[in-house]
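Good morning, and thank you for joining this meeting. Please take a moment with the sequence and the structure before I begin.

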Amino acid sequence: MKRKIGAFVCASAMALTVLGGCGNGDGSASDDKEQFVVGMECNYAPFNWLSSTQTDSSVALEGSGYADGYDVMIAQNIADQLGMELVIKQVTWDSLLSSLDSGDLDAVIAGMTANEKREQSADFTTPYYDSQGMIMIVRKDSEQADYTDIQQFSGKNVVGQLGTNYDDVIDQIKGVNHVTPKDNYPEMVVALQNGDVDGITAEIAVAEGIVAANDDLTYITFDEGKGFEADTTVSIAMPEGSRDSEMFNKVQEALDNIDQDTRVGYMQKAVEIQPANAN
């Protein structure tokens, strides 16, 4: 686990000085650190999105607009526990880890799954959400709407998001036409509606928002043992080599303090308030 809308948030030289431990290589916070700087793409509802409307869960972006969503709620809870101001930076998906490595971010909270490749450039906390299975978004009036086995997509056109597990798993379908991945879900939705693809891999929370905004689409789940084999948890990424640092331990402890009921409540709220055009 994913852009191009909205303005990027840039830090001034003074802000970078205040951030202290952001770029010190061990992920630890200096004594004068006052901000918890988190990166996300702000185009992956209900995890994160960009909005022109302020809500009680949104955080203002430097320049214009607000970041909102499940990831923002999790980040705000952690920042409050750390006694720090939450700063959200909008960063394209494929630049998140490089921004973390360069010291521009303290953490990436962006619906990102820890995998072997990403573990080479970042240290991850324990998961803060589990989508519990990958599903497929299809056209409501298509034959695919009745599929219960991913292998039924053999010979069909299936697309996933670039640089995510949702693209990697497509090759588990024998004989599938693995369409070149796209940068974001809005592009994939257009391809599906135009008939260019027959299915989009996704997680249920994301699919629910897309289907709610597009009444010609639906999503399907698969019978036990007939679905994708994949890790659907998401975790917080922090700088490589920071696992034993004070900052990493504080973030992990704060995350551990967010109980399951609170996490579920955050997701329910995010799904309810996400804009219809957030995907």
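I start with a helix crossing: the axes of H2 and helix H7 (residues 246-256) come within 9 Å and cross at roughly 115 degrees. Please bear in mind throughout that this is a predicted model. The crossing of H2 and H7 is right-handed. On the H2 side, the contact is made by Ile 78, Gln 81 and Leu 82, and on the H7 side by Met 247, Lys 250, Val 251, Ala 254 and Leu 255. Sorted by character, the residues of this contact of H2 with H7 are six nonpolar, one polar and one charged.

Helix H2 also meets helix H8 (residues 260-273), and there the two axes come within 8 Å and cross at roughly 140 degrees. H2 and H8 are therefore oblique to each other. Here, too, I note the hand: H2 passes H8 in a right-handed crossing. H2 contributes Tyr 70, Met 73, Ile 74 and Asn 77 to the contact, while H8 contributes Thr 262, Arg 263, Tyr 266, Met 267, Lys 269, Ala 270 and Ile 273. The contact of H2 with H8 divides into seven nonpolar, two polar and two charged residues.

I turn now to the aromatic residues. A pair of aromatic rings is described by the distance of the centres and the angle of the planes. How many aromatic pairs does the model hold? The count comes to nine. In one of them, the ring centres of Phe 47 and Tyr 70 are 5.9 Å apart and the planes stand at 90 degrees, so this pair is edge-to-face. Phe 47 belongs to the loop between strand S2 (43-44) and strand S3 (48-51), whereas Tyr 70 belongs to helix H2 (residues 70-82); the pair thus links distant parts of the chain, 23 residues apart. Are these two residues buried or exposed? Both Phe 47 and Tyr 70 are buried.

Another pair is formed by Phe 222 and Phe 228, with centres 6.0 Å apart and planes at 90 degrees, so that pair is edge-to-face. Phe 222 and Phe 228 are both buried. Beyond individual pairs, ring pairs join Tyr 44, Phe 47, Tyr 70, Tyr 128, Tyr 129 and Tyr 185 into a cluster.

The loop that holds Phe 47 deserves a further remark on its backbone. Pro 46 is placed in the loop between S2 and S3, and a cis peptide bond joins Ala 45 to Pro 46, with omega about 5 degrees. Cys 42 lies in the loop between strand S1 (35-40) and S2. Although Cys 42 is not a glycine, its phi is positive, at about 60 degrees. Cys 42 has a relative accessible area of 0% and is buried. A positive phi is also found at Gln 132, a residue other than glycine, where the value is near 55 degrees. Gln 132 sits in the loop between S8 and S9 and is exposed, with a relative accessible area of 67%.

Next, several individual positions in strands. Met 238 lies in strand S14 (residues 233-239) and, at 0% relative accessibility, counts as buried. Which residues surround Met 238, leaving aside its neighbours within four places in sequence? Met 238 is in contact with Leu 100, Asp 106, Ala 107, Ala 122, Asp 123, Met 247, Phe 248 and Val 251. The C-alpha atoms of Met 238 and Leu 97 are separated by 8.7 Å, although the two residues are 141 residues apart along the chain.

Thr 125 is found in strand S8 (residues 122-130) and counts as buried at 6% relative accessibility. With neighbours within four places in sequence set aside, Thr 125 is in contact with Ser 235, Ile 236, Phe 248, Val 251, Gln 252 and Leu 255.

Tyr 219, in strand S13 (residues 217-220), is partly exposed, with a relative accessible area of 27%. Outside its neighbours within four places in sequence, the contacts of Tyr 219 include Ile 135, Met 136, Ile 137 and Val 211.

I close with Gln 152, which is in the loop between strand S9 (134-139) and strand S10 (157-159). Gln 152 is partly exposed, at 34% relative accessible area. From Gln 152 to Ile 173, the C-alpha atoms are 8.2 Å apart in space, and the residues are 21 apart in sequence.

Definitions and conventions. Residues are numbered from 1 along each chain as its sequence is written. This is a predicted model: local features need pLDDT of at least 70, side-chain atom pairs count only at pLDDT 80 or more; totals for chains, interfaces and linings use all residues. Side-chain values use heavy atoms; hydrogens and water are left out. Rings of Phe, Tyr and Trp (its six-membered ring) pair if their centres lie within 6.5 Å; planes under 30 degrees apart count as stacked, over 60 as edge-to-face and the rest as tilted. Helices (H or I, at least four residues) and strands (E, at least two) are DSSP runs, numbered from the N terminus. Buried means under 20% relative accessible area, exposed over 50%, partly exposed in between (1.4 Å probe, protein chains only). Axes are lines fitted to C-alpha atoms, for helices over the stretch in contact, and angles run from 0 to 180 degrees between N-to-C directions. Angles under 35 degrees count as roughly parallel, over 145 as roughly antiparallel, 65 to 115 as roughly perpendicular and the rest as oblique. A crossing is left-handed if the near helix is turned anticlockwise from the far one by less than a right angle, and right-handed if clockwise. Contact means heavy atoms within 4.5 Å. Ala, Val, Leu, Ile, Met, Phe, Trp, Tyr, Cys and Pro count as nonpolar, Asp, Glu, Lys and Arg as charged, and the others, Gly among them, as polar.
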